[in-house]
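Hi everyone, thanks for making room for me today. I'd like to walk you through one structure, slowly, so please stop me whenever something is unclear.

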Number of protein chains: 4
Amino acid sequence: MLKVAVAGASGYAGGEALRWLLAHPEVEIGAVTAGGNAGTTLGTIHPHLRSLADRVLLETTPDTLSGHDVVILALPHGHSASVSSVLAADAVVIDCGADFRLRSESAWTTFYDTAYAGSWAYGLPELPLAGGGRGRDDLAGTRRIAVPGCYPTAVSLALAPGLAAGVVEGDDVVVVAASGTSGAGKALKPHLLASEVMGSMSPYGVGGTHRHTPEIEQNLEAAAGAPVRVSFTPTLAPMPRGILATCTARVVPGTSAADVREAWRAAYADEAFVHLLEPGTWPATAHVVGSNHVVVQVVLDERAGRVVAVAAVDNLAKGTAGAAVQCLNLAVGLPESTGLLGSGVAP
Amino acid sequence: MLKVAVAGASGYAGGEALRWLLAHPEVEIGAVTAGGNAGTTLGTIHPHLRSLADRVLLETTPDTLSGHDVVILALPHGHSASVSSVLAADAVVIDCGADFRLRSESAWTTFYDTAYAGSWAYGLPELPLAGGGRGRDDLAGTRRIAVPGCYPTAVSLALAPGLAAGVVEGDDVVVVAASGTSGAGKALKPHLLASEVMGSMSPYGVGGTHRHTPEIEQNLEAAAGAPVRVSFTPTLAPMPRGILATCTARVVPGTSAADVREAWRAAYADEAFVHLLEPGTWPATAHVVGSNHVVVQVVLDERAGRVVAVAAVDNLAKGTAGAAVQCLNLAVGLPESTGLLGSGVAP
Amino acid sequence: MLKVAVAGASGYAGGEALRWLLAHPEVEIGAVTAGGNAGTTLGTIHPHLRSLADRVLLETTPDTLSGHDVVILALPHGHSASVSSVLAADAVVIDCGADFRLRSESAWTTFYDTAYAGSWAYGLPELPLAGGGRGRDDLAGTRRIAVPGCYPTAVSLALAPGLAAGVVEGDDVVVVAASGTSGAGKALKPHLLASEVMGSMSPYGVGGTHRHTPEIEQNLEAAAGAPVRVSFTPTLAPMPRGILATCTARVVPGTSAADVREAWRAAYADEAFVHLLEPGTWPATAHVVGSNHVVVQVVLDERAGRVVAVAAVDNLAKGTAGAAVQCLNLAVGLPESTGLLGSGVAP
Amino acid sequence: MLKVAVAGASGYAGGEALRWLLAHPEVEIGAVTAGGNAGTTLGTIHPHLRSLADRVLLETTPDTLSGHDVVILALPHGHSASVSSVLAADAVVIDCGADFRLRSESAWTTFYDTAYAGSWAYGLPELPLAGGGRGRDDLAGTRRIAVPGCYPTAVSLALAPGLAAGVVEGDDVVVVAASGTSGAGKALKPHLLASEVMGSMSPYGVGGTHRHTPEIEQNLEAAAGAPVRVSFTPTLAPMPRGILATCTARVVPGTSAADVREAWRAAYADEAFVHLLEPGTWPATAHVVGSNHVVVQVVLDERAGRVVAVAAVDNLAKGTAGAAVQCLNLAVGLPESTGLLGSGVAP
């Protein structure tokens, strides 16, 4: 059994990490830590995690996190570097935050307000890469892994097959994505109040200012093997979980609808979690909520000269904590899908 | 491994039964059958059940259902008698419908429009009974089990401890319960359209006309050992899953708040799925959605002379399909909680 | 034209007051004031009030509120006494808060933490009173009016006809009501976050501890002409607006279903805003959201020996700000329904 | 007073037309007709329209619709031609359906399955046109007007200012829009059930197959004075009303952010219903639900080389029935905003 700690367990990502770890056959949950909520029981913070209801949240310190095979960090950005620096070099550390995702220091400093901490192996195993590789290629046995952001997961898995296969162009990608409110965490902000959200859709971070923009471009460039330019608009939807990413890119001249389909089919034919749907069936977030699965569909709009690729993910599952456990499996040498194949909850 | 068939698998209850069976370590899913949807793949009907996406729904016939250790029926009421009559006597048959729940033929004929089919063992293991027994007492080894209705599950578990312990009176029980829309199934009715439901609460079956009324009384009478009279009002809430049952009953004169709490505490102290919350914490359906757990709270309102007991359940899980699997475990001699201890999905 | 000020205009009740005043043909909106939000434009605070978008919120002071024909107070409880004490005696002051609703000082001190400020005329015009009067009887020409709470409005209008007519008993009333989240205001509390509310129902203030309990009893006692005892349980529903109140009371022995219906019919036959629906049709909050109307239905459950009366109101409209404008009309001598007959917004 | 009939009054668009007509000071509601629902009272069909509750729906025939100053048609597509052909030539006929919107017969036959009926004056008064005109230029005094579709209204008002001003290019426009469920009407389709919609986002009509695509292009071409190519993806959002349209187009080289803003500012500076928000404030559908207003924001994403323009409208109000009344005002010579300036309902 692997002894796994979760730091930052009082947030939505931390709670979801515990949910997945509870369902994992090779995991024993060790320290469960928090900042301001230390000393509280999990039953108060995450009442849906019945079997951990009496567990008390410890403080996030080097002491509480030491002695574990794996530590999952679910901290606000800017905290992972200092917390991880004191952990044993041979412990697997998996960061659900943004701190180690970007390989470009200048991209980091443009979008974040804390010092650049470097980058770790990037935890998107299914990402098709230029030249034929996959995101998982450099994850086996790694001790430090950065879990992708929720939007970059959805957008990259939606569009990368076409870029890697050379059937779509990367210089004018347009993405509009809708996210449930849990993506914004538990912060007490007026626009996240139920009265404001229910019955309403609204955009935010418009004009390329959302922090996930450079991460999306990093992934799509890894797929394309060339620079990519993305117009990314996230929107807040009246639902607690789920991301629907609608992604369009100009098709390479001479590409047929069959070429497009074949690029996506081939990309995910052997994947356990990413599913290209039958032609005519479109993803809905309800199909994946609570699961580590991703559903994808693509079509060529010949009139507009663009491919439209849509992906639905659960922002907290495959978009965060499910991905963290998938990375854990790869890091420690377990089958990649261990503990992760469960169905979503619908309706 | 137990080979389990699900009849009526295209509805919400059937889909949820498959979700729980997929998570069960001792179960192999056999025939999956339907009526009008026979011939369709499960991927079309229940896109959240990824691992069964390519399974084709068979017709519900004696042939397709034979040869299984267990058959779970999730049929419209009135169909279970004929379907079950042709199944082997030693096969376990678990009916999620109403057909075999009522022990009173006159209650059946008052509330239903089909012929009375008799009654089977009633599958509410945790129900405290007058005289000290539990609902599970006559379930071990049973071959025919009727799964309780979703409202009766919530109401009975909320209120039965007080009746069984003799601290509340049963002659003037008042229950108002809110249910998510999946409780009404997939029927194409105008009042179930999203445009009508979102942002709205409404009652239905008011005045004791809801079919779950006699079943609630049957359970509460089993707990009280005496006649019980219930005013039951169900309401439709703008959420897909979950029941919140608010139940009040007059307290027996001389009963203290401590007496009340002790009655409920003792009733569920050893239960795996029913949890009396800490004083001051109240159930929310979000705490149990996707899980087989039930959360309960009770308080004595001395001014009003009534106990208020509230329970939250997932109508499709503990309210239907989770309960079916729990009954399956009891019937075949597995530990009662096998495959059922998973956490709910929140937020 | 009447010059009307709104104090506390940045909250949901204040914004709704402005919405109704904008639609009123005899009203000119004067000072619009706030506490912490003073200096901000209404376009920022209430973006749905387009025609007031450039108005700047003033501070709530004696100066800003003086010189108006009518002042509507939408303040947190405990502030109305000091604010109103400096207003001209002949100005109409209408308080949407709780401060002046209760005629019993002991009830006030039991439920509130501020000093008792006395009581004003109670603004529920349609309330049937013991002996044949109506709530409106002492409102014409009044200069100080307390607007009822949202739950008391729904519950009182649902149940008072039976008490006033002597067909139901008041000593064991049970009420369970569901409210949208705007009833809790804009406070930044974790349980009001969209992620927590959507898809969930939960009770609060259980056991007679909600502050609206004594106000409900005050109203029902005015209808019954005798003491009334109420078990009241409010619940939070996943919708922004609306209250559905399900109210039951024991029927007086010998009362027929026709007697019950006649009591309710007669009570509201001449009312512009309270509507007894056709038999078989039940209220939904969607029927009244955005309007000053109330829909009511009642049925006798002979088996349970109880009447079930249900009312749906918009908590911000007839439950607060619409009622305030209705009181304004009565106070200044305009037809009671001036500016208030508009339809709700559905779906 | 104008005598106005509504044909097809039992649908959501018809009900909304009645809501706006009830609020109009110069309108008397005449015949209210339906197909299958003829003979039913409006109280049953649209319970929120209290003042019309006792009105009986008549059959949609030449007789019932004759003798009115204005007839508003809210019929399924394909019916308006035959119904309108028998109406008096001097009666104003305003069609909320698609039948007379498209000026291109080939566009019609590509997207619709009924015969082309020709085109009427197009009712989008605020649309900026190439060369400096406005959509309203040919509406004054017109007797036949086609009300725009809900998506085309939102998209056209969002993006047309940039095309008319020559600051954005029209050859690669990308639009992703989210709509509430009332846009799909009251049809009993499985994907419109509340259980399926709540908590879920999904696209439909992907790849340029939605019928509003040619109408969007027609409008944008009128603004640009040149061919326009649009990739349009509509999505279904878990809310009853509202459209949020996120529209991007490549900026003309050399255009500054200030140029972009000025184009939009100038376009709507004098409009009563279309509002360019302050920089940094983004539209939400909650800001306009229940109102005839449109809120718009635009920003230049220099990194992506695209303008992002977002508009929020109420699909049933400015997106259908409010627009119909606005057209009515123009046709009969009333001030354009008569009866339409009311605020939305929020939260």
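I'll go through two chain contacts and then one sheet.

One thing to keep in mind as we go: this is a predicted model.

Let's begin where chain A meets chain D. How many residues does each chain bring to the contact? Chain A gives 42 residues and chain D gives 42 residues. Between them, these two chains bury about 3,500 Å², and 63% of that lies on carbon and sulfur atoms.

There is charge pairing here too, with 6 salt bridges across the interface of chain A and chain D. You can look up one of these yourselves: the side chains of Arg303(A) and Glu217(D) form a salt bridge, at 2.7 Å from N to O. Chain A and chain D also have 14 residue pairs in polar contact, counting pairs with both residues at pLDDT 80 or more.

Which parts of chain A give two or more residues to this side? Among them are helix H8 (213-224), strand S11 (243-250) and strand S14 (306-313) of chain A. Sorted by class, the side of chain A that touches chain D has 20 nonpolar, 14 polar and 8 charged residues.

Now let's turn to chain C and chain D. Here the contact takes 24 residues from chain C and 24 from chain D, and the two chains bury about 2,000 Å², 64% of it on carbon and sulfur atoms. On the chain C side, His48(C), Arg50(C) and Pro347(C) lose the most area to chain D, together 34% of what that side buries.

How many salt bridges are there between chain C and chain D? The count is 0. There are, however, 8 residue pairs in polar contact, again with both at pLDDT 80 or more. Helix H1 (residues 12-22) of chain C supplies the largest share of the side that touches chain D, with 4 residues.

Last stop: a sheet inside chain C. This is an open sheet of 7 strands with parallel pairing, in the order S3-S2-S1-S4-S5-S7-S6. Why do strand S3 (58-59) and strand S6 (121-122) of chain C each have one side without a neighbour in the sheet? They stand at the edges and each has a single partner strand, so one side is left free of a neighbour there.

Further in, S5 (residues 92-95) and S7 (residues 144-146) of chain C run parallel and are joined by 3 bridges. Val93(C) stands opposite Arg144(C) in S7(C). Helix H10 (residues 317-332) of chain C packs on this sheet, and its direction makes about 155° with that of S5(C).

That's my tour, and I'm happy to take questions!

Methods: Residues are numbered from 1 along each chain as its sequence is written. Chains are lettered from A and ligands numbered from 1 in the order in which they are written. This is a predicted model: local features need pLDDT of at least 70, side-chain atom pairs count only at pLDDT 80 or more; totals for chains, interfaces and linings use all residues. Side-chain values use heavy atoms; hydrogens and water are left out. Contact means heavy atoms within 4.5 Å. Buried area is the accessible area (1.4 Å probe) that two parts lose on being put together, summed over both. A salt bridge is a side-chain nitrogen of Lys or Arg within 4 Å of a carboxyl oxygen of Asp or Glu. A polar contact is a pair of N or O atoms within 3.5 Å; within protein, one must be able to donate a hydrogen and the other to accept it, and residues adjacent in sequence count only if both atoms are side-chain atoms. Ala, Val, Leu, Ile, Met, Phe, Trp, Tyr, Cys and Pro count as nonpolar, Asp, Glu, Lys and Arg as charged, and the others, Gly among them, as polar. Two strands pair if DSSP finds at least two bridges between them. Axes are lines fitted to C-alpha atoms, for helices over the stretch in contact, and angles run from 0 to 180 degrees between N-to-C directions.
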